[in-house]
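Thanks, everyone. Let me put the model on the screen, and then I will walk through it.

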Amino acid sequence: MPATQDSALRRASRRALGEPAFLLSVAYFAMSALGLWASYWLYRPFGIPIFQYLQPTDILVAGLRDPMYLVLVAAGFALSAIIRRWERWRFAHPDRAERMRAHWYGRLWAPRWWERINASTFTRALFSIGFVIYFAFALVISYTRMQADRILRGDATHVVITYADGTAATAGPAILVGTTAGWVFVFWPQQKRAEAIAQQSLRSLQYPAIDPGNRKH
């Protein structure tokens, strides 16, 4: 059975590599899922139910709003590749891996139970996919939490809001949290509250210019 699974996995891998459109579709779907996951964790500290404001177009571009998401996914694949190279070395040199187990670091990096779990190509591939997904999503949580903390501290992009009737917001500069196709989400640091504003009710968002002389080097 393991040999049959390994053979089927190889055939599926070769077929997938021969279909660039399929790979691009899978990558695009993964990025969209990652973007939705990031949106949830970014807006969660502000009490904004972001999924209620999303339109189909927002879902399609959810993973493309921040280039950092692509960097995080690439980091997950890179780390997975490093681990797989280490796995191949262990299976290619079982005698050296056995000698490493005489030390504590060897028992940590080359445990016997792990070799039993990854005894087939199918289970190794399954672990690699699962690890990339887990690592990327965990990094996204950490990244979006840092973004939310910066906004809550007031250390983020400030905007001056002008409504459609020409009046300016009286609560002072707000902090831009994010946007969707129909909504703009801001945080008012003075009042410690978040607000969703329909885009048709806005005339402009002004970004105060940064004085080059006040920039920190």
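Start at the hairpin. Strands S3 and S4 form it, with four residues between them. Lys192 sits in that turn and has a positive phi of about 55°.

A word on ground rules. This is a predicted model, where local features need pLDDT of at least 70, side-chain atom pairs count only at pLDDT 80 or more, and totals for chains, interfaces and linings use all residues. Residues are numbered from 1 along each chain as its sequence is written, and side-chain values use heavy atoms, with hydrogens and water left out.

Two terms I need straight away. Helices (H or I, at least four residues) and strands (E, at least two) are DSSP runs, numbered from the N terminus. Two strands pair if DSSP finds at least two bridges between them.

Back to the turn. Most residues other than glycine have a negative phi. Lys192 is not a glycine, and its phi is positive. How accessible is Lys192? Its relative accessible area is 57%, so it counts as exposed. The cut-offs are these: buried is under 20% relative accessible area, exposed is over 50%, and partly exposed is in between, with a 1.4 Å probe and protein chains only.

Gln191 is in the same loop, between S3 and S4. At 40% relative accessible area, Gln191 is partly exposed. Its C-alpha atom is separated by 8.2 Å from that of Ala171, and the two are 20 residues apart along the chain.

Now the strands on either side. S3 covers residues 183–188, S4 covers residues 193–198, and six bridges join them. They run antiparallel. Pick Phe185: its bridge partner in S4 is Ala196.

S4 also holds a charge pair. How many salt bridges does a search of the whole structure find? It finds one. The test is a side-chain nitrogen of Lys or Arg within 4 Å of a carboxyl oxygen of Asp or Glu. The side chains are those of Arg193 and Glu195, at 3.5 Å, N to O. Arg193 is partly exposed at 35% relative accessible area. Glu195 is partly exposed too, at 25%.

Zoom out to the sheet. Five strands form an open sheet, in the order S4-S3-S2-S1-S5, with antiparallel pairing. The edge strands are S4 and S5, since each pairs on one side only. On average, neighbouring strands are turned by 40° against each other, direction ignored. Those angles use axes that are lines fitted to C-alpha atoms, for helices over the stretch in contact, and angles run from 0 to 180 degrees between N-to-C directions.

Next, the other pairings. S1, residues 158–163, is joined to S2 by two bridges, antiparallel. There, His158 stands opposite Ile175 in S2. S1 also pairs with S5, residues 202–206, over four antiparallel bridges. Thr162 has Ser204 in S5 as its bridge partner.

The loop between S1 and S2 contains Gly166. Gly166 is partly exposed, at 38% relative accessible area. The C-alpha atoms of Gly166 and Leu202 are separated by 8.7 Å, with their positions 36 residues apart along the chain.

What about the chain as a whole? It has eight helices and five strands. From the N terminus on, the elements run α-α-α-α-α-α-α-α-β-β-β-β-β. Of its 217 residues, 31% count as buried.

Last topic: the second largest pocket. It holds about 450 Å³ of space. Its lining has 21 residues, and the closest to its centre are Leu42, Tyr43, Gln147, Val177 and Gly178. On a 1 Å grid over the protein atoms alone, a pocket is an open set of points with protein on both sides within 12 Å along at least five of seven lines, where a 1.4 Å probe fits, and lining residues have an atom within 4 Å of a point. Points are joined across faces, edges and corners, and the volume is the space filled by probe spheres set on them.

Which elements each supply at least two residues of that lining? They are helix H2 (20–43), helix H8 (121–153) and strand S2 (174–179). H2 gives the largest share, five residues. By class, the lining has ten nonpolar, seven polar and four charged residues. Nonpolar means Ala, Val, Leu, Ile, Met, Phe, Trp, Tyr, Cys and Pro; charged means Asp, Glu, Lys and Arg; the others, Gly among them, are polar.
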